[in-house]
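Visitor: Could you walk me through one part of this protein up close? I'd like to see how a single helix sits among its surroundings.

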Amino acid sequence: MKMKAMFIEKIGRLEETSLVLREVEVPTPKDNEVLLKVSYCGVCHTEIDEIEGRRMPKIPVIPGHEVVGYVVEKGKNVTNLEIGDRVGVAWIKHACGKCEYCKSGRENLCNEFVATGADEDGGYAEYMVVESSFAYKLKENLQDETTAPILCAGAVGFRAYKLAEIKDGETVALFGFGASNHIVYRYIRYLNPSSKIIVFVRKLGDNATKLAEELKADYIFETFSDIPIRYDKAIDTTPSGSVIPYALKYLNKGGLVVVNAIRKETPIDAFDFTLIWGERSVKSVANVTREDVENALKLASVIPIVPKVTVFPLEKAQEALLSVKHGKIQGAAVLKIS
């Protein structure tokens with residue numbers, strides 16, 4: 001049986017390097033895997049990093065790691081899922097389960113970590129396979145198209161939120177207000193109701209500004225402008241290395257900047273030691289654990305969280321990625337597969 005799938009076949013600037021639509025054989029699940037008929041797949045900035053070579057994928061590869069689909073076939077050893085189950089697949093597609101990282105709850109750092117849609121084929125396709133232990137049953141109140149972003153933007157956002165160790169009442173800065181931080185915003189509002197939230201955007205009046213206004217952010221500033229207040233924690237999702245020293249400039253003593261990006265497009269500017277003096281810290285987010293995904297899905301169901309999405313057909317994946325890169329999307333972009 002054949003399926004349609006979008007492939008990354010070469011590395012280059014997104015504006016000059018197109019995804020390729022092909023018809024290929026539907027994959028066959030191994031004994032511990034399930035075959036999914038993909039319903040929706042979220043579009044992530046990481047796909048741009050893959051295409052442009054900052055996070056090298058295997059070539060060729062079917063990208064996509066925010067996948068909602070239905071089990072249509074399962075391997076003989078699968079006991080946790082049944083035909084017809086609706087599940088999600090995230091960035092984490094495999095970890096060894098045996099190393100010190102995995103045993104200590106840090107499978108995101110496993111040296112055998114396999115990334116969906118980068119190291120193995122992902123969800124920009126009508127069908128995909130995944131180990132059953134890396135697929136997540138979805139609650140009934142979660143809709144397909146708005147759940148897709150929760151599986152990465154929400155999951156890595158939850159990991160960033162957890163690493164930031166935000167205490168209720170602290171002021172939190174969110175740099176970039178796209179797919180991930182517009183979900184993190186909701187975590188903070190729910191879990192830290194006394195906290196103030198500052199949203200930093202590329203340019204006042206842009207799509208991110210409008211979304212931050214809609215969600216009633218306490219403050220909205222243009223990144224790199226002079227601001228009159230300070231904050232205790234910051235989460236940076238931008239592609240710019242220059243944001244890190246800028247974020248440190250207004251960080252209170254003992255504060256923390258969490259960088260939620262798989263790669264930066266530009267280097268971090270040199271900065272004076274005084275920006276981190278006073279026990280200020282910078283910490284990166286590396287991948288996600290299954291627990292992060294489960295916590296993000298739980299919060300999405302309980303709060304509930306319905307991300308703002310713009311839906312594109314699979315054939316328009318290139319257009320969707322360009323829209324994400326150039327800030328033309330409010331919230332997240334999602335591909336409707338089948």
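Guide: Here is a look at helix α6 and what lies around it. Quick background: this is a predicted model, where local features need pLDDT of at least 70 and side-chain atom pairs count only at pLDDT 80 or more, while totals for chains, interfaces and linings use all residues. Residues are numbered from 1 along each chain as its sequence is written, and side-chain values use heavy atoms, with hydrogens and water left out.

Okay, α6 covers residues 207-214. Helices here are DSSP runs of H or I with at least four residues, strands are runs of E with at least two, and both are numbered from the N terminus. Start just ahead of the helix, at Asp 206: this residue caps the N-terminal end of α6, with a side-chain oxygen 3.3 Å from the backbone nitrogen of Ala 208.

Now for the inside. Ala 208, Thr 209, Leu 211 and Ala 212 are the buried residues of α6; buried means under 20% relative accessible area, using a 1.4 Å probe and protein chains only. Looking down the axis of α6, you'd find these buried residues within an arc of 165°, so they line one face of the helix. That arc is taken from the directions from the helix axis to the C-beta atoms. Here's a handy rule: an α-helix has 3.6 residues a turn, so residues three or four places apart point the same way.

And what covers those buried residues? The cover includes α5 (181-191), along with β11 (196-201) and β12 (219-222). Contact means heavy atoms within 4.5 Å. Finally, past the helix comes Lys 216, which has a positive phi, near 65°.

Technical notes: Buried means under 20% relative accessible area, exposed over 50%, partly exposed in between (1.4 Å probe, protein chains only). A polar contact is a pair of N or O atoms within 3.5 Å; within protein, one must be able to donate a hydrogen and the other to accept it, and residues adjacent in sequence count only if both atoms are side-chain atoms.
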